[in-house]
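Please find below a colleague's note, written as numbered points. It is intended to be read with the structure open alongside.

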Amino acid sequence: EQIRMAVLAADALKTSREEADWQAIYIPTELYVGASNMYTPSEVRETALKVFQSTQKLDASRLPAFVAALRSLRTPRIQARITQRTGVPNSGVQFRFMGLRDIPDSEILQNLTGEKRPMPSGLDVMAVLGSSRAASILDANPSAYNPLGWSDYRPERARLTSDFASTPAGTWRSNLYWSWLDALRPLLEPVPAGYPSFMRSAAWQTKDLSTALASWTELRHDTILYGEQSASEMGDGEVEQPYVKGFVEPRVEVYERLLALSKQSRTALQKLHLIDKDALDQFASYEDMLSFFASVSRKELAGRSLTRAEHLRIGKIDGEFYDMTEVMLKYGTNFEALTDDDLNMALVADVHTGGDSALEEGVGKADELIAVVPIDGKLYFARGCVFSYYEFTVPIADRMTDEAWKASLKDGKDRPRPAWTSNYFTKAKTKEKE
């Protein structure tokens with residue numbers, strides 16, 4: 001009966017001539033998040049015509065052949081291991097009118113969970129994407145990350161790490177979700193010799209891991225309605241500033257990948273006629289900023305001095321970021337004025353369900369970062385901002401909303417940071433004279 005209903009629904013979309021409206025929603029979301037994890041209306045309809053030669057009269061004896069034909073098209077990569085308690089079937093062959101999407105990190109979390117490890121960690125995603133620091137934290141703390149002692153955990157993680165390491169370049173560019181993850185991968189690798197000494201410390205490597213996790217949290221938050229979730233058992237730039245030399249963290253490959261991601265987004269949106277001149281102007285400003293970061297980074301790594309104009313622009317870069325953010329928030333919401341809540345970067349997203357608990361990934365207020373950086377042959381204290389990152393579990397009935405998360409931060413009730421951040425993060429306040 002469910003197969004008959006699926007075929008009729010898929011056929012109705014075609015015969016009602018509403019398929020163009022469906023495509024107008026599906027294609028842009030496919031650009032951002034990828035293809036449906038489960039079978040789409042067109043796949044179901046075309047398979048029905050092939051097997052039954054009809055979408056109205058289905059020969060019951062041919063139903064197994066229909067299921068086999070669907071399975072031969074592709075295998076949904078994310079299939080939740082669900083208990084009978086939920087009542088959700090797990091046949092591997094399911095029709096979705098507008099299905100959730102096959103996202104690679106959910107595949108990672110799915111394969112690294114089960115009855116003996118119901119709750120994963122964002123560290124699993126980063127370890128599989130190539131972070132040796134994430135892998136070492138996971139393996140050094142089994143009581144926190146593998147408390148039931150699942151013996152196949154590390155072999156399965158090693159298999160996934162190998163699979164992702166051999167993923168072709170075309171897949172990493174296949175949609176904006178994959179490209180975002182690809183832009184984070186350089187942050188997960190230790191920087192080579194020749195980079196500033198502060199960037200080669202264990203503390204900085206941990207900071208980079210936290211930054212990548214926070215960015216991944218934003219990605220999951222922004223696509224939470226589209227991505228298939230895993231589940232297992234159980235300042236203003238116009239103000240005149242004094243001339244102070246600045247420093248850009250020299251991450252040429254990260255800036256170049258972000259630049260490629262921006263161009264990929266802009267080009268695809270233009271092709272779909274989903275962007276106007278105002279938004280294109282902001283893309284241009286963002287791409288110019290990324291090109292500036294990459295150019296300055298190359299000069300710093302080569303030991304060349306920056307110009308006065310470059311130092312001045314670094315000093316006002318927060319104003320550039322603010323202006324772009326404000327314009328795009330107004331553009332996206334059609335608001336004439338923004339509230340403090342609109343400009344609050346804090347957000348939270350649940351990324352996995354394990355038994356009666358949900359895994360939450362959170363970003364809070366920006367942290368202040370202090371580093372000793374080399375500028376023109378001298379060492380300076382430099383101050384900037386960096387992502388904050390949180391990970392915790394809640395009962396599935398109490399999944400957190402952004403509003404509840406922001407309220408907890410405002411009340412000073414934010415959750416503890418992951419223990420592994422202690423080698424670079426402290427809440428201790430220093431006196432001005434120190």
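The points below treat the strands, the charged side chains and two loop residues in turn.

1. Status of the model. The reader should bear in mind that this is a predicted model. Every statement below concerns that prediction.

2. Strand 3 and its partners. Strand 3 covers residues 357–363, and 6 of its 7 residues are buried, so the strand is largely enclosed by the rest of the structure. Strand 2, residues 347–354, runs antiparallel to strand 3 and is joined to it by 7 bridges. Within this pairing, A349 stands opposite E361. Strand 3 is also joined to strand 6, residues 390–395, by 6 bridges, again in the antiparallel sense. Here S357 has P395 as its bridge partner.

3. The turn between strand 2 and strand 3. These two strands form a hairpin with 2 residues between them. In this hairpin G355 adopts a positive phi near 65 degrees.

4. The pairing of strand 4 and strand 5. These strands are antiparallel and share 9 bridges. One of the facing pairs is V373 with Y380, the latter in strand 5. The hairpin they form has 2 residues between the strands, and D376 takes a positive phi near 50 degrees there.

5. The two faces of strand 4. Which side chains of strand 4 are buried, and which are not? The side chains alternate along the strand: D367, L369, A371, V373 and I375 point to one face and are buried. By contrast, E368, I370, V372 and P374 point to the other face and are not buried. The student may wish to follow this alternation residue by residue in the viewer.

6. A nonpolar patch on the surface. I370 and V372, from the face of strand 4 that is not buried, belong to a nonpolar surface patch together with L379 and F381. The four residues have about 460 Å² of accessible area together. Strand 4 (367–375) and strand 5 (378–386) each supply at least two residues of this patch.

7. Salt bridges between helices. Side chains of opposite charge can pair when their charged atoms come close. The count for this model is 28 salt bridges. One of them joins D139 and R154, with the closest N and O atoms 3.3 Å apart. D139 belongs to helix 7 (residues 132–140) and R154 to helix 9 (residues 153–165), so this pair links distant parts of the chain, 15 residues apart. D139 counts as partly exposed, because its relative accessibility is 26%. A further salt bridge, between K299 and E310, has an N to O distance of 3.0 Å. This pair too links distant parts of the chain: K299 is in helix 14 (residues 277–301), E310 is in helix 15 (residues 308–315), and they are 11 residues apart. Both K299 and E310 are buried.

8. A further pair and a network. R251 and E249 also meet through their side chains in a salt bridge, at 3.4 Å from N to O. Is each partner buried or partly exposed? R251 counts as buried because its relative accessibility is 8%, under the 20% cut-off. E249 counts as partly exposed because its value is 21%. Elsewhere, salt bridges connect R173, D182, R185, E253 and R257 into a network.

9. A buried charge without a salt bridge. E218, in helix 12 (residues 202–222), is buried yet has no salt bridge. What is the nearest side chain of opposite charge, and how far away is it? It is K406, at 9.9 Å. That distance does not meet the rule for a salt bridge, because the rule requires the nitrogen and oxygen to be within 4 Å. Leaving aside neighbours within four places in sequence, E218 is in contact with W180, M345, L347, V363 and F387.

10. Two loop residues with positive phi. R17 has a positive phi near 65 degrees, although R17 is not a glycine. R17 lies in the loop between helix 1 (2–15) and helix 2 (19–33), and it counts as exposed because its relative accessible area is 78%. H273, also a residue other than glycine, has a positive phi near 60 degrees. H273 is found in the loop between helix 13 (252–271) and helix 14. With a relative accessibility of 70%, H273 counts as exposed.

Notes: Residues numbered from 1 in each chain as written. Predicted model: local features only at pLDDT ≥ 70, side-chain atom pairs only at ≥ 80, totals over all residues. Heavy atoms only, no water. Helix = DSSP H or I, 4+ residues; strand = E, 2+ residues; numbered from the N terminus. Buried < 20%, exposed > 50% of the residue type's maximum accessible area, 1.4 Å probe, protein only. Lys, Arg positive; Asp, Glu negative; His and termini not counted. Contact = heavy atoms within 4.5 Å. Patch = residues over 30% accessible without salt bridge, like charges linked within 9 Å, V, L, I, M, F, W, Y side chains within 5 Å. Areas by Shrake-Rupley, 256 points an atom, 1.4 Å probe, with all protein chains shown as cover. Pairing = 2+ DSSP bridges.
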